Amino acid sequence: MAHVFPFSAIVGQDEMKLAILIAAVEPRIGGVLVFGDRGTGKSTAVRALAALLPPMKVVAACRYGCDPADKGSACAECATLKAGGRPKTRLAPVPVVDLPLGATEDRVVGALDLERALTQGVKAFEPGLLARAHRGFLYIDEVNLLEDHLVDLLIDVAASGENVVEREGLSVRHPARFVLVGSGNPEEGELRPQLLDRFGLAVEVRTPTELAARVEVVRRRDAFERDPEAFLARWQAEDERTRRRIVGARKRLDDVAVPDAVLERAAELCIGLGTDGLRGELTLMRAARALAALDGEDAVTDTHLQRVARPSLRHRLRRDPLDESDAGSRVDRVLAEVFAA
Amino acid sequence: MARAEVDPDPAWIDAAWAAALCTVDPAGLGGVVVRAAAGPVRDLWTRQLQAQLPAGEPLRRMPARIADERLLGGLDLTATLQLGRPVAQRGLLAESHGGIVLVPMAERLPPGTAARLASALDQGEVGFERDGSSQRWPCRIGVVAFDEGTADDAPLPAALADRLAFHVNLAQLSLRQCGAAAASAEEIVAARRLWPAVTLGDEMTQALCGIAMRLGVASLRASVLALRAARAIAALGGHDEVQEDDALMAARLVLAPRATVLPQPDDEPATDEPPPTAPPPDDSGEPGRDDSRDQETRALEDRLVAATLASLPAGLLAALPGGERARAPGRVGALSASPRFGRPVGSRPGEPRGGARLDLIDTLRAAAPWQRLRRATSRHRHAAIHVQADDLRVSRLQQRAGTATLFVIDASGSSALHRLAEAKGAVNLLLADCYVRRDQVAVIAFRGRGAEVLLPPTRSLVRARRSLAALPGGGGTPLAAGLEAACRLAEQVRRSGASPVIVLLTDGRANIARDGEPGRAHAEADALLVARQLRALRLTALVVDTSPQPAAAAQRLAREMDALYRALPHAGAAELSAAVQALPRQAG
């Protein structure tokens, strides 16, 4: 892929773009799921993300690209490197790794290095996709078509932040903290509840129904295909602005205050919707804080909460067979109730 | 070729154009969906396509049940062992780079394979992460998908159909109605040189988007494809700018077959378009709404819409608004992976236990590359083959998802006891049928204040009979609760890969509401509400009226559920069983 459609040039789909930006600012949000109509630029948006992310500092000699500042890292390589003093660092791009359908388990978790086994007769660990995605993003298009045993594996690693490989007499564990990004079309099949739960934010994308927006999408796509370089140049400044917004928000994130009143609102919302567990509230709070940071503010307000409520909660609602409305509008209804009070 | 005693059929002309355009820009246009069974007409079309393809560009056939290793690529075991280093082998997609892939029986393509094709089309490259190696190859291809399904079959996977620009239909044609190809190989080559430079006016973009919307074509990909098609058409015609006729043809070939609504040719601008989400246009604000689209664009669009409509085949309009064949939930692709039964579809790492069968060949393949290493490090140097636990592969089996019949039985007092006995008799007979067809059965009963799943889905006839025999009667009729339980169980069954069929035996006289409170009016309203929920699940359902006389309540319930209705007094157990047998077919 020589050229990637620029993030800023995506027309509309504000909720999806917001969710992706929030995940870029706050990786602990736990992933983004983008579900919806065909041809709405789901994978375009995710692939465009890579170009937006500022490079990160990594331990130069570490195969997993660990953070030099990370003290409690579970990485064995870093432990040896750090024992000998301060390891060298370098800047590396944030990985956005594609997990293609049809990938086999050995490539996902890592396995014995085939090349070295064949040529040198040596047992060496060859890291897999999970290692490559460490500190970055792991993208699965058509996530609902992923094979069950890979889903199990992902759920496990995403939850623990660590990949444990026991095969061929090798015993390797390495950190694998990544933001899981999945996209798919609900018509192809539903997602397993356990995997659904791993995604912090869930976004529904719809095809725009307004003619002007549709024309603009087609026009930009066409312009991009005709002359990608000119098109990228035209959107470079806008992409740069977004990048600075992400960088600024990351710096600000820890200083953004979450007032008690907002926390209470978040709890009310979750109670009103009957979401299971604490994960909903936690995600809601983290997302709202990341949004406030993106907006350049020092404290989370009700508005932030309202804007992230749909993507944070819509996939956590219990099914109610008597409620015919979709999950998004149920969230809206409770939002209105809570904030009217 | 076919002597043109009669002029070629319009459908053929469209198909011939689709073939030509697809060769002008295979990767950009994605390809063609051809509705046709194997036969001389399709062969002729394929030959013409091949003749148009410039020399050296591959045209490859892909079997619908291709394994990942052949589709995406994998480790070339022979070369790897010979050369002593990993050698990757390209799959069919990478081998077809720069050409066209033919997919016969595309309607039977598993969703996973369709998704892999779609990803190759989107990214122009194919990658695999398999067998210890990772590769990316360029893969700019066009796909010709032959849809050989009959009207009852599930349609082509939408993920693929959406990405292929042209949808043509050769199913009704005879050889006499066919004609020559739309372009020669030389013309294709000339068009390829020309099309990158073809310009397209903004009014054309707007008009094509406008038509797409008025035809109810939701996917924006279709509009993008229409634009590319218009350019290719212009290039083939030797124009360096898209003309009105080119745009019209693009609309006819790309957008018309995707139509889901029928626009009025001289529609009032406000009637057809979905309500804009932005500021509501009042009538006086009409010019304001059109400011981006001047009169001329509008006129162009109208002309194009009218012409597109005129070109739509009559049958297509009759098929609307269903348009496409119904996407039945229990579609052909709904295959369930089961470790015990079915047809092998490759292997997965795992140990042969719990019914899983060892895939010996794949196990040996997995072990092969490591032999040298293991021989060097193993204590058993003289073993012929070193196989370790990690090598073990078991067969993945797939099974056509079966049917699960859910019996939902009203065991309340109003279904007087002898009626209950009769219902049990009928169910017993149905059970025997289910057993013959190896269907699963489940039993839900509702009485008193709630519903209970007496028997989760099972193939055990004995257990089903026993649970029925032990079913007591009496109490109120919590119909809503019963239906709700059926809803939940049906969804669960569907998730497990089987198609649920609901058989509801009741007199329809609900008197316990969903919250457990008595009260006829409330209870009936609740029941109808849940019935609509069931309808939304698009299940196959049968309502058996157990009241002494056929009652309006049960009939209404059946209507709300979109279910078949039978009254027990008139339906002997034998007839009931016939009705149930007819059900799955009715659902398609």
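This passage describes two contact surfaces in a predicted model, one between chain A and chain B and one between two domains of chain A.

In the contact between the chains, 48 residues are contributed by chain A and 59 residues by chain B. On the side of chain A that touches chain B, the elements that give two or more residues are helix H4 (105-109), helix H5 (114-119) and helix H9 (211-226) of chain A. The largest share of this side comes from H9(A), which supplies nine residues. Sorted by class, the side of chain A that touches chain B holds 19 charged residues and 18 nonpolar residues, together with 11 polar residues.

Within chain A, the domain assignment gives domain 1, made up of 7-53 + 93-205, and domain 2, which covers 254-340. The centres of domain 1 of chain A and domain 2 of chain A, taken over C-alpha atoms, are separated by 25 Å. To the contact between these domains, domain 1 of chain A gives 17 residues, and domain 2 of chain A gives 13 residues. On the side of domain 1 of chain A that touches domain 2 of chain A, at least two residues each are supplied by helix H1 (14-25) and strand E11 (201-205) of chain A, and the largest share, five residues, belongs to H1(A). The class composition of the side of domain 1 of chain A that touches domain 2 of chain A is 11 nonpolar, two polar and four charged residues.

Technical notes:
Residues numbered from 1 in each chain as written. Chains lettered and ligands numbered in written order. Predicted model: local features only at pLDDT ≥ 70, side-chain atom pairs only at ≥ 80, totals over all residues. Contact = placed C-beta atoms within 7 Å. Helix = DSSP H or I, 4+ residues; strand = E, 2+ residues; numbered from the N terminus. Nonpolar A, V, L, I, M, F, W, Y, C, P; charged D, E, K, R; others polar. Domains from an automatic or database assignment.
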